[in-house]
Amino acid sequence: MKYAVIYQSRSGNTRLIAERIYQTLDTSEKELIDLDITSEVPKADVYFVGFGVHDYFCSIHVLNALDQITSGRIGLFATCGYLPAEQYKANLEKRLDVWMPEGVDYLGMFLCQGKVEADQKKKMIEQLPDREKELKHMFKIGKTHPDQEDLEEAEDFAMAILEKIEGLA
Ligand SMILES: Cc1cc2nc3c(=O)[nH]c(=O)nc-3n(C[C@H](O)[C@H](O)[C@H](O)COP(=O)(O)O)c2cc1C
């Protein structure tokens, strides 16, 4: 079974999750792909595709990576500035659903909070001035994320996927 962990990470938050998922895969048949270094997606049986949420979605580079996947199984992972509520995750999954390759088995999404860059904090407050207090609270909570607990949960997510796949084999 071949695995590919593919990600895009602007400030490094999602990279931490990608690396943890990659380390969790107890095999030598695995690749870690940074989409800012290469846009080429290797052939694999199981793909973990991750990104930092920017402007409520992923970038075209991540969509382009999904487009190259024509078979196998996909699990998604992401980090976001907002609190990672179930509804937030469900909305993200819904918008990504149309980009999911046909014939590929979708294995679910891991989402956690990530610290937001200073410039972006300012922009988000400017866009939503009425929610300044809430946003500042959110940034305060987020400033240590992804933390150890997030990394452990990412590992649990990957382990659960591996167990599910073994169960299907
Ligand atoms: C330009 C920009 C846009 C962002 N837009 C959003 C957004 O729409 N929703 C959100 O929850 N977080 C947003 N964030 C916060 C990022 O999702 C968060 O910092 C994430 O952990 C970044 O991950 P990365 O460093 O791996 O790219 C934005 C950050 C930047 C820099």
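In the predicted model, the side chains of R15 and D34 are joined by a salt bridge, with an N to O distance of 3.7 Å. This pair connects distant parts of the chain, as R15 belongs to helix α1 (residues 13-24) and D34 to strand β2 (residues 30-34), with the two positions 19 residues apart in sequence numbering. The partners differ in their surroundings: R15 is partly exposed, at a relative accessible area of 26%, whereas D34 is buried, at 11%. The contact qualifies as a salt bridge because a side-chain nitrogen of Lys or Arg need only lie within 4 Å of a carboxyl oxygen of Asp or Glu. Side chains of opposite charge can pair when their charged atoms come close.

In total, 6 salt bridges are counted, including two further pairs described here. R131 and E134 form one of them, with an N to O distance of 2.8 Å. R131 is partly exposed, its relative accessibility being 33%, and E134 is likewise classed as partly exposed, at 42%. Another salt bridge pairs K136 with E132, whose closest N and O atoms are 2.8 Å apart. Both K136 and E132 are located in helix α5 (residues 132-142), where a separation of 4 residues corresponds to about one turn of the helix. K136 has a relative accessibility of 46% and counts as partly exposed; E132, at 32%, is also partly exposed.

Helix α4 (residues 118-127) contains another lysine, K122. This residue is exposed, with a relative accessible area of 55%. K122 is separated from E29 by 93 residues in sequence and by 43 Å in space, C-alpha to C-alpha.

With respect to the cysteines, the number of disulfides is 0. A disulfide is a covalent bond between the sulfur atoms of two cysteines. For C58, the closest cysteine sulfur is that of C80, at 13 Å, and this distance is too far for a bond. C80 likewise takes part in no disulfide, the nearest cysteine sulfur being that of C112, 7.5 Å away. The 7.5 Å separation of the C80 and C112 sulfur atoms does not satisfy the criterion, because a disulfide requires the two sulfur atoms to lie within 2.5 Å. Both C58 and C80 are nevertheless buried: the relative accessible area is 9% for C58 and 2% for C80.

Note on methods. Residues numbered from 1 in each chain as written. Predicted model: local features only at pLDDT ≥ 70, side-chain atom pairs only at ≥ 80, totals over all residues. Heavy atoms only, no water. Buried < 20%, exposed > 50% of the residue type's maximum accessible area, 1.4 Å probe, protein only.
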